[in-house]
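Student: I'm new to this one and would like to look closely at a single part. Could you walk me through one helix and what surrounds it?

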Amino acid sequence: ASQVGQEMSSHGARLKQLLDGLEHSKDFQALEAYHLMESTTRRFQCLSVRSFERLVNWQAKSLLDYVAGLPEEPLPDIDLPSLSDGTVNIARNFNSASPPRVLPFSTADFAGAAPDSAAERTGVDFASLVREHEQLIIFGRKFGDFDDAGKEIFLGQLTLVGERW
């Protein structure tokens with residue numbers, strides 16, 4: 001029990017460090033990844049990743065306390081009934097999920113387009129959109145350093161690019 005408790009504690013600490021890093025990152029994509037994970041668990045009505053981290057750390061501490069002859073601490077504030085319901089929801093949603101969306105073409109597909117054709121114009125628009133999206137994502141790496149107005153402007157620009165896709 002001691003070895004399992006120590007290993008769980010080590011993994012729980014690494015999970016906490018990872019989630020803290022994502023949640024407090026200045027990189028927009030890291031923040032987005034964290035909030036996407038949390039919103040996905042809410043949508044599937046299951047345990048959040050942060051609650052899972054707290055549960056793993058509680059279990060590890062409980063095992064180590066048991067080995068040391070100490071009383072068990074109370075369970076953290078986690079809605080455990082939703083855990084069993086959420087497992088069913090996750091399986092149902094992932095099994096019925098459609099395949100991931102991917103772009104049906106690349107810039108190379110427009111290379112031989114006739115001048116002034118619809119295909120050429122679409123290729124130019126596509127290349128411009130890809131370039132703008134990449135630049136915006138690079139700029140978003142400093143998201144945590146933006147003031148509130150800068151964050152709103154950035155998110156607005158990101159929304160505009162998203163609508164164009």
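Tutor: Let's take helix 2 and work outwards from there. Keep in mind that this is a predicted model.

Start with the helix itself. Helix 2 covers residues 28-43 and has 16 residues. From its first C-alpha to its last it reaches 22 Å, close to the 22 Å expected at 1.5 Å a residue. Just at its start, aspartate 27 has a side-chain oxygen that comes to within 2.9 Å of the backbone nitrogen of glutamine 29. Past the other end, helix 2 is followed by glutamine 45, which has a positive phi, near 55°.

Now, which residues of helix 2 are buried? They are Phe28, Ala30, Leu31, Tyr34, Glu38, Thr40 and Thr41. An α-helix has 3.6 residues a turn, so residues three or four places apart point the same way. As for what covers the buried residues of helix 2, the list includes helix 1, helix 3 and helix 6.

Two of those buried residues take us into the largest nonpolar core. That core has ten residues, among them Phe28 and Leu31, together with others such as Leu129, Ile137, Phe146 and Val161. Helix 2, helix 5 (118-139) and helix 6 (148-164) each supply at least two residues of this core. Phenylalanine 143, another core member, is worth a click: leaving aside residues up to four places away in sequence, it touches Lys26, Asp27, Phe28, Leu31, Lys151, Phe154 and Leu155. Rings matter for this view too, since Phe28, Phe139, Phe143, Phe146 and Phe154 are linked by ring pairs into a cluster. The structure as a whole holds seven aromatic pairs.

Next, follow Tyr34 and Glu38 to a neighbour in helix 3. Arginine 50 sits in that helix, and it touches Lys16, Leu19, Asp20, Glu23, Tyr34 and Glu38, again not counting residues up to four places away in sequence. Its side chain also reaches the backbone oxygen of leucine 19, at 3.5 Å. Is arginine 50 buried or exposed? Arginine 50 counts as buried because its relative accessible area is 14%, and the cut-off for buried is under 20%.

For a contrast, look at arginine 14, which lies in helix 1 (residues 2-23). With a relative accessible area of 53%, arginine 14 is exposed, since exposed means over 50%. The C-alpha atoms of arginine 14 and glutamate 53 are separated by 9.5 Å, although the two residues are 39 apart along the chain.

Definitions and conventions:
Residues are numbered from 1 along each chain as its sequence is written. This is a predicted model: local features need pLDDT of at least 70, side-chain atom pairs count only at pLDDT 80 or more; totals for chains, interfaces and linings use all residues. Side-chain values use heavy atoms; hydrogens and water are left out. Helices (H or I, at least four residues) and strands (E, at least two) are DSSP runs, numbered from the N terminus. Buried means under 20% relative accessible area, exposed over 50%, partly exposed in between (1.4 Å probe, protein chains only). A nonpolar core is a set of buried Ala, Val, Leu, Ile, Met, Phe, Trp, Tyr and Cys residues joined through side-chain atoms within 4.5 Å. Contact means heavy atoms within 4.5 Å. The expected span of a helix is 1.5 Å times one less than its number of residues. A polar contact is a pair of N or O atoms within 3.5 Å; within protein, one must be able to donate a hydrogen and the other to accept it, and residues adjacent in sequence count only if both atoms are side-chain atoms. Rings of Phe, Tyr and Trp (its six-membered ring) pair if their centres lie within 6.5 Å; planes under 30 degrees apart count as stacked, over 60 as edge-to-face and the rest as tilted.
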